[in-house]
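I opened a new notebook page for this structure. These are my entries, in the order I looked things up.

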Amino acid sequence: MTDKKSVLVIGVQPTLMDFSHPDYAAYPGMNATKVLAGLKASENSLTDRGYDVQMCLTDFGETAESVVRGRLEQKRFDCIVIGAGIRTIAGSFLLFEKLINVVHAHAPQAKLCFNTGPTDTVEAVQRWL
């Protein structure tokens, strides 16, 4: 890839997640270590494919909007992934809505894509870039 496309991956810091909560029932056996390993593997795989990748792991909303806004003000991104840990967990619905609006306001040119978990981020990005 001669012109590196930039990717921002937004997700909740896995160490803040309570995987024993019923909201996480769709992810049996998942834990913070596995999520972090999946994110790192995705980051490495995207980098190996020539993408410029940044991870942006947030809290559940106390500072998430300002953290994401700060990243978007620092750099122009071609693609933004909003992770399943934000989108698919019922308790994170309002956070997802807020982050969509932050991305819309500060990176309207970026393609949005969504993974189903930490292991298919590459496929999500490649659908749009």
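**Burial.** I started with how much of the chain is hidden. Of its 129 residues, 42% count as buried. I keep in mind that this is a predicted model.

**Surface.** Next I looked up the accessible surface. I found about 6,800 Å² for the chain, with 53% of that belonging to carbon and sulfur atoms.

**Size.** I checked the radius of gyration. A compact globule of 129 residues would have one near 14 Å, and the chain has 14 Å, so the two agree. Along the principal axes, the C-alpha atoms fill a box of roughly 45 × 30 × 20 Å.

**Fold.** I listed the secondary structure: five helices and four strands. Along the sequence I read the pattern β-α-β-α-β-α-α-β-α.

**Contacts.** I took the contacts between residues at least 6 apart in sequence. Of these, 72% join residues at least 24 apart.

**Charges.** I noted 13 positive and 14 negative charges, and their mean positions lie 6 Å apart.

**Helix α2.** I then picked one helix, α2, which covers residues 64–74. Which of its residues are buried? I found Ala 64, Val 68 and Leu 72. They share one side of α2, because they cover an arc of only 60° around the axis. The general rule helps here: an α-helix has 3.6 residues a turn, so residues three or four places apart point the same way. On the other side of α2, I found Glu 73 and Gln 74 exposed.

What do the buried residues of α2 pack against? I noted three strands, β1 (6–12), β2 (52–58) and β3 (79–82), and the helix α4 (93–106).

Notes. Residues numbered from 1 in each chain as written. Predicted model: local features only at pLDDT ≥ 70, side-chain atom pairs only at ≥ 80, totals over all residues. Heavy atoms only, no water. Helix = DSSP H or I, 4+ residues; strand = E, 2+ residues; numbered from the N terminus. Rg over C-alpha atoms; globule rule 2.2 N^0.38 Å. Buried < 20%, exposed > 50% of the residue type's maximum accessible area, 1.4 Å probe, protein only. Contact = heavy atoms within 4.5 Å. Areas by Shrake-Rupley, 256 points an atom, 1.4 Å probe, with all protein chains shown as cover. Lys, Arg positive; Asp, Glu negative; His and termini not counted. Charge placed at Lys NZ, Arg CZ, Asp CG, Glu CD. Arc of directions from axis to C-beta.
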